Amino acid sequence: MMVKPGSGHRLIRPAEAENTKEVNKLKNGIEIVDYLPEWAEVFALEKERLSGLTGLGAEVIEHVGSTAIPGQQAKPVIDMFVGVNPFRPAAYYEALLDPASYTYVHAGMRGRHLFAKSTEGIWTHNVHLMPNDEQFHTRNEILLRDYLRSHPELVEQYGAVKMQAARGAESMNAYTRAKTAFIQSVVDAARKERGLPLEDVWEE
(Lines give C-alpha, C1' and ligand atoms only; values in the text may rest on other atoms or scores of the structure.)
Protein backbone atom coordinates (compact mmCIF):
# COMPACT_ATOMS: atom_id res chain seq x y z
CA MET A 1 0.00 0.00 0.00
CA MET A 2 1.23 3.45 -0.85
CA VAL A 3 1.97 5.68 2.11
CA LYS A 4 -0.16 8.83 2.05
CA PRO A 5 0.65 12.07 3.81
CA GLY A 6 -1.05 12.43 7.16
CA SER A 7 -3.37 15.16 8.28
CA GLY A 8 -1.65 18.52 8.02
CA HIS A 9 1.17 17.13 5.86
CA ARG A 10 0.19 18.20 2.35
CA LEU A 11 2.38 17.45 -0.61
CA ILE A 12 2.63 20.30 -3.09
CA ARG A 13 1.89 18.96 -6.54
CA PRO A 14 3.04 20.65 -9.77
CA ALA A 15 -0.54 21.10 -10.97
CA GLU A 16 -1.39 23.09 -7.83
CA ALA A 17 1.43 25.55 -8.37
CA GLU A 18 1.23 26.08 -12.12
CA ASN A 19 -0.95 29.16 -11.71
CA THR A 20 1.48 30.77 -9.24
CA LYS A 21 5.03 32.06 -9.44
CA GLU A 22 6.28 28.98 -7.58
CA VAL A 23 6.99 26.78 -10.60
CA ASN A 24 9.56 27.08 -13.35
CA LYS A 25 9.04 23.93 -15.39
CA LEU A 26 11.26 23.90 -18.42
CA LYS A 27 11.01 22.02 -21.68
CA ASN A 28 13.62 19.49 -20.51
CA GLY A 29 11.26 18.46 -17.70
CA ILE A 30 13.40 19.93 -14.91
CA GLU A 31 11.17 21.72 -12.45
CA ILE A 32 12.40 24.36 -10.00
CA VAL A 33 10.03 25.82 -7.41
CA ASP A 34 10.31 28.41 -4.66
CA TYR A 35 11.10 27.12 -1.18
CA LEU A 36 8.08 25.70 0.66
CA PRO A 37 8.04 25.34 4.49
CA GLU A 38 5.89 22.22 4.02
CA TRP A 39 8.99 20.33 2.88
CA ALA A 40 10.22 20.07 6.48
CA GLU A 41 6.92 18.42 7.44
CA VAL A 42 7.02 16.02 4.50
CA PHE A 43 10.55 15.02 5.53
CA ALA A 44 9.51 14.53 9.15
CA LEU A 45 6.65 12.25 8.15
CA GLU A 46 8.89 10.01 6.05
CA LYS A 47 11.59 10.05 8.76
CA GLU A 48 9.05 8.78 11.26
CA ARG A 49 7.93 6.04 8.89
CA LEU A 50 11.45 4.83 8.10
CA SER A 51 12.57 5.04 11.74
CA GLY A 52 9.84 2.59 12.65
CA LEU A 53 10.45 0.17 9.79
CA THR A 54 11.56 -3.15 11.28
CA GLY A 55 14.68 -4.51 9.63
CA LEU A 56 15.89 -1.26 8.12
CA GLY A 57 18.31 -0.53 10.97
CA ALA A 58 18.03 3.26 10.60
CA GLU A 59 20.14 4.97 13.28
CA VAL A 60 20.20 8.51 11.89
CA ILE A 61 18.12 10.25 9.22
CA GLU A 62 19.03 13.65 7.77
CA HIS A 63 17.16 15.99 5.43
CA VAL A 64 19.66 17.04 2.75
CA GLY A 65 19.54 18.75 -0.63
CA SER A 66 17.98 22.09 -1.48
CA THR A 67 14.60 21.33 0.10
CA ALA A 68 16.43 21.29 3.46
CA ILE A 69 17.69 24.87 3.06
CA PRO A 70 15.24 27.68 3.97
CA GLY A 71 14.70 30.08 1.09
CA GLN A 72 16.38 27.83 -1.46
CA GLN A 73 14.71 27.19 -4.81
CA ALA A 74 14.62 23.46 -5.49
CA LYS A 75 13.20 20.54 -7.36
CA PRO A 76 10.14 19.48 -5.29
CA VAL A 77 11.72 16.18 -4.22
CA ILE A 78 12.83 15.50 -0.63
CA ASP A 79 16.38 14.12 -0.37
CA MET A 80 17.10 11.99 2.70
CA PHE A 81 20.27 10.39 4.03
CA VAL A 82 19.54 7.31 6.12
CA GLY A 83 22.47 5.96 8.14
CA VAL A 84 21.88 2.26 8.74
CA ASN A 85 23.62 -0.41 10.80
CA PRO A 86 24.40 -2.90 9.44
CA PHE A 87 24.68 -1.73 5.82
CA ARG A 88 23.41 -4.52 3.57
CA PRO A 89 23.37 -5.25 -0.19
CA ALA A 90 20.77 -3.43 -2.27
CA ALA A 91 18.73 -6.61 -2.77
CA TYR A 92 17.97 -6.72 0.95
CA TYR A 93 16.39 -3.26 0.89
CA GLU A 94 14.54 -3.98 -2.35
CA ALA A 95 12.82 -6.86 -0.56
CA LEU A 96 12.18 -4.78 2.57
CA LEU A 97 10.77 -1.60 1.04
CA ASP A 98 7.29 -1.58 -0.50
CA PRO A 99 7.78 -1.87 -4.30
CA ALA A 100 4.53 0.04 -4.86
CA SER A 101 6.25 3.13 -3.44
CA TYR A 102 10.02 2.61 -3.66
CA THR A 103 12.09 1.96 -6.77
CA TYR A 104 15.78 1.08 -6.63
CA VAL A 105 17.86 3.44 -8.77
CA HIS A 106 21.12 2.15 -10.26
CA ALA A 107 22.92 5.45 -9.71
CA GLY A 108 26.46 4.08 -9.58
CA MET A 109 27.25 5.90 -6.34
CA ARG A 110 29.80 4.22 -4.12
CA GLY A 111 28.86 3.10 -0.64
CA ARG A 112 25.16 3.88 -0.80
CA HIS A 113 21.86 2.69 -2.28
CA LEU A 114 19.34 5.09 -3.78
CA PHE A 115 15.59 4.50 -3.74
CA ALA A 116 13.14 6.88 -5.40
CA LYS A 117 9.80 7.08 -3.63
CA SER A 118 6.53 7.94 -5.34
CA THR A 119 3.49 9.08 -3.39
CA GLU A 120 0.13 8.88 -5.15
CA GLY A 121 1.99 8.48 -8.44
CA ILE A 122 4.26 11.50 -7.96
CA TRP A 123 8.03 11.34 -7.38
CA THR A 124 8.40 12.83 -3.90
CA HIS A 125 11.54 11.50 -2.20
CA ASN A 126 15.08 10.30 -2.84
CA VAL A 127 16.05 7.94 -0.02
CA HIS A 128 19.81 7.34 0.19
CA LEU A 129 20.76 4.37 2.38
CA MET A 130 24.36 4.31 3.62
CA PRO A 131 26.46 3.12 6.56
CA ASN A 132 26.16 5.08 9.78
CA ASP A 133 29.89 5.43 10.17
CA GLU A 134 32.36 8.08 11.29
CA GLN A 135 32.13 9.81 7.89
CA PHE A 136 28.35 10.15 7.89
CA HIS A 137 28.15 13.69 9.26
CA THR A 138 31.03 14.98 7.12
CA ARG A 139 29.58 13.86 3.81
CA ASN A 140 29.67 16.67 1.27
CA GLU A 141 25.89 16.92 0.98
CA ILE A 142 25.55 17.57 4.72
CA LEU A 143 28.42 20.05 4.71
CA LEU A 144 26.82 21.87 1.76
CA ARG A 145 23.46 22.04 3.51
CA ASP A 146 24.90 23.36 6.77
CA TYR A 147 27.11 25.95 5.08
CA LEU A 148 24.26 27.34 2.97
CA ARG A 149 21.97 27.45 6.01
CA SER A 150 24.51 29.66 7.77
CA HIS A 151 25.32 31.80 4.70
CA PRO A 152 21.96 33.00 3.31
CA GLU A 153 23.70 35.30 0.83
CA LEU A 154 24.86 32.17 -1.00
CA VAL A 155 21.33 30.75 -1.13
CA GLU A 156 20.26 33.44 -3.58
CA GLN A 157 23.38 32.87 -5.67
CA TYR A 158 22.72 29.14 -5.76
CA GLY A 159 19.14 29.78 -6.88
CA ALA A 160 20.42 31.79 -9.84
CA VAL A 161 22.92 29.03 -10.68
CA LYS A 162 20.12 26.45 -10.60
CA MET A 163 17.86 28.42 -12.92
CA GLN A 164 20.66 29.05 -15.42
CA ALA A 165 21.64 25.37 -15.31
CA ALA A 166 18.05 24.23 -15.78
CA ARG A 167 17.49 26.50 -18.76
CA GLY A 168 20.58 25.24 -20.55
CA ALA A 169 20.55 21.55 -19.63
CA GLU A 170 19.18 18.85 -21.90
CA SER A 171 19.11 16.19 -19.18
CA MET A 172 19.18 15.82 -15.41
CA ASN A 173 22.82 14.72 -15.62
CA ALA A 174 23.72 17.86 -17.56
CA TYR A 175 21.79 19.98 -15.04
CA THR A 176 23.79 18.45 -12.17
CA ARG A 177 27.08 18.95 -14.00
CA ALA A 178 26.26 22.61 -14.64
CA LYS A 179 25.89 23.22 -10.88
CA THR A 180 29.09 21.43 -9.92
CA ALA A 181 31.47 24.41 -9.94
CA PHE A 182 29.31 26.35 -7.49
CA ILE A 183 28.74 23.33 -5.27
CA GLN A 184 32.45 22.54 -5.26
CA SER A 185 33.31 26.07 -4.15
CA VAL A 186 30.84 25.94 -1.27
CA VAL A 187 31.91 22.48 -0.14
CA ASP A 188 35.57 23.54 -0.29
CA ALA A 189 34.77 26.49 1.98
CA ALA A 190 32.84 24.24 4.36
CA ARG A 191 35.61 21.66 4.55
CA LYS A 192 38.27 24.34 5.12
CA GLU A 193 36.15 25.84 7.91
CA ARG A 194 36.08 22.45 9.67
CA GLY A 195 39.70 21.58 8.96
CA LEU A 196 38.77 18.70 6.66
CA PRO A 197 40.73 17.69 3.57
CA LEU A 198 39.34 18.87 0.24
CA GLU A 199 37.75 16.34 -2.11
CA ASP A 200 35.94 16.24 -5.42
CA VAL A 201 32.16 16.50 -5.05
CA TRP A 202 31.50 14.63 -8.29
CA GLU A 203 31.57 10.83 -8.09
CA GLU A 204 32.83 9.29 -11.32
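In which sense do β6 and β7 pair, and over how many bridges? Keep that one in mind while you get the chain on screen; we'll reach the answer shortly. One caveat before the clicking starts: this is a predicted model.

**Stop 1: the whole chain**

Colour by secondary structure. You should find six helices and seven strands. Going from the N terminus, the elements come in the order α-β-β-α-β-β-α-β-β-β-α-α-α. Of the 204 residues in the chain, 42% are buried. If you like contact maps, take the contacts with a separation of 6 or more: 63% of them are between residues 24 or more positions apart.

**Stop 2: the sheet**

Now show just the strands β3, β4, β7, β6 and β5. In that order, they make an open sheet of five strands with mixed pairing. Look at the edges: β3 (58-64) and β5 (102-105) each have a single partner strand, so one side of each has no neighbour in the sheet. Between neighbouring strands, the average turn is 25°, ignoring direction.

Next, select 78-84 and 122-131, which are β4 and β7. These two pair in the parallel sense, over seven bridges. To check one of the pairings, pick V84, whose bridge partner in β7 is P131.

**Stop 3: β6 and its partners**

Back to the opening question: β6 and β7 pair in the antiparallel sense, and seven bridges hold the pairing. Click S118 and you can find its bridge partner, W123, in β7. On the other flank, β5 and β6 run antiparallel and are joined by four bridges; T103 has A116 in β6 as its bridge partner. While β6 is selected, colour by burial: six of its seven residues are buried.

Zoom in on the turn. β6 and β7 form a hairpin with two residues between them. E120 sits in this loop between β6 and β7, and its phi is near 55°, a positive value in a residue other than glycine. Is E120 buried or partly exposed? Partly exposed, since its relative accessible area is 38%.

**Stop 4: a cis bond**

Move to N85 and P86. The peptide bond joining them is cis, with omega about 0°. P86 lies in the loop between β4 and α3 (90-96). As background for this stop and the previous one, most residues other than glycine have a negative phi, and most peptide bonds are trans.

**Stop 5: helices on the sheet**

Turn on α2, residues 38-51. This helix lies across β3, β4, β5, β6 and β7, and runs at about 165° to β3. Then add α4, residues 140-150, which also packs on the sheet. α4 touches β3 and β4, and its direction makes about 50° with that of β3.

**Stop 6: the cores**

Show side chains for L50, L56, M80, V82, Y93, V127 and L129. They have the most contacts inside the largest nonpolar core, which has 19 residues. α2, β4 and β7 each supply at least two residues of this core. Centre on L129: beyond its neighbours within four places in sequence, its contacts include L56, V82, F87, Y93, H113 and F115. Another core, of 13 residues, lies apart from the largest one; L143, L144, F182 and A190 are among its members. More generally, nonpolar side chains tend to be buried together in soluble globular proteins.

**Stop 7: the C-terminal helices**

Keep α4 on and add α5, residues 152-168. The axes of α4 and α5 come within 5 Å and cross at roughly 115°, so α4 is roughly perpendicular to α5. For the contact itself, select Y147, L148, R149 and S150 in α4, then P152, L154, V155 and Y158 in α5.

Now bring in α6, residues 172-193. α5 and α6 pack at about 160° with axes 8 Å apart, which means they are roughly antiparallel. The crossing is right-handed. At the interface, residues including L154, Y158, V161 and A165 of α5 meet residues of α6, among them Y175, F182, I183 and V186.

**Last stop: I30**

Finish in the loop between β1 (23-25) and β2 (31-33), where you'll find I30. I30 counts as buried because its relative accessible area is 2%, and the cut-off for buried is under 20%. Draw a distance from its C-alpha to that of M163: the two are 133 residues apart along the chain, and the separation is 9.8 Å.

Notes: Residues numbered from 1 in each chain as written. Predicted model: local features only at pLDDT ≥ 70, side-chain atom pairs only at ≥ 80, totals over all residues. Heavy atoms only, no water. Pairing = 2+ DSSP bridges. Axes fitted to C-alpha atoms, helices over the stretch in contact; angles between N-to-C directions. Contact = heavy atoms within 4.5 Å. Buried < 20%, exposed > 50% of the residue type's maximum accessible area, 1.4 Å probe, protein only. Core = buried A, V, L, I, M, F, W, Y, C linked by side-chain atoms within 4.5 Å. Parallel < 35°, antiparallel > 145°, perpendicular 65-115°, else oblique. Left-handed = near helix turned anticlockwise from the far one by under 90°.
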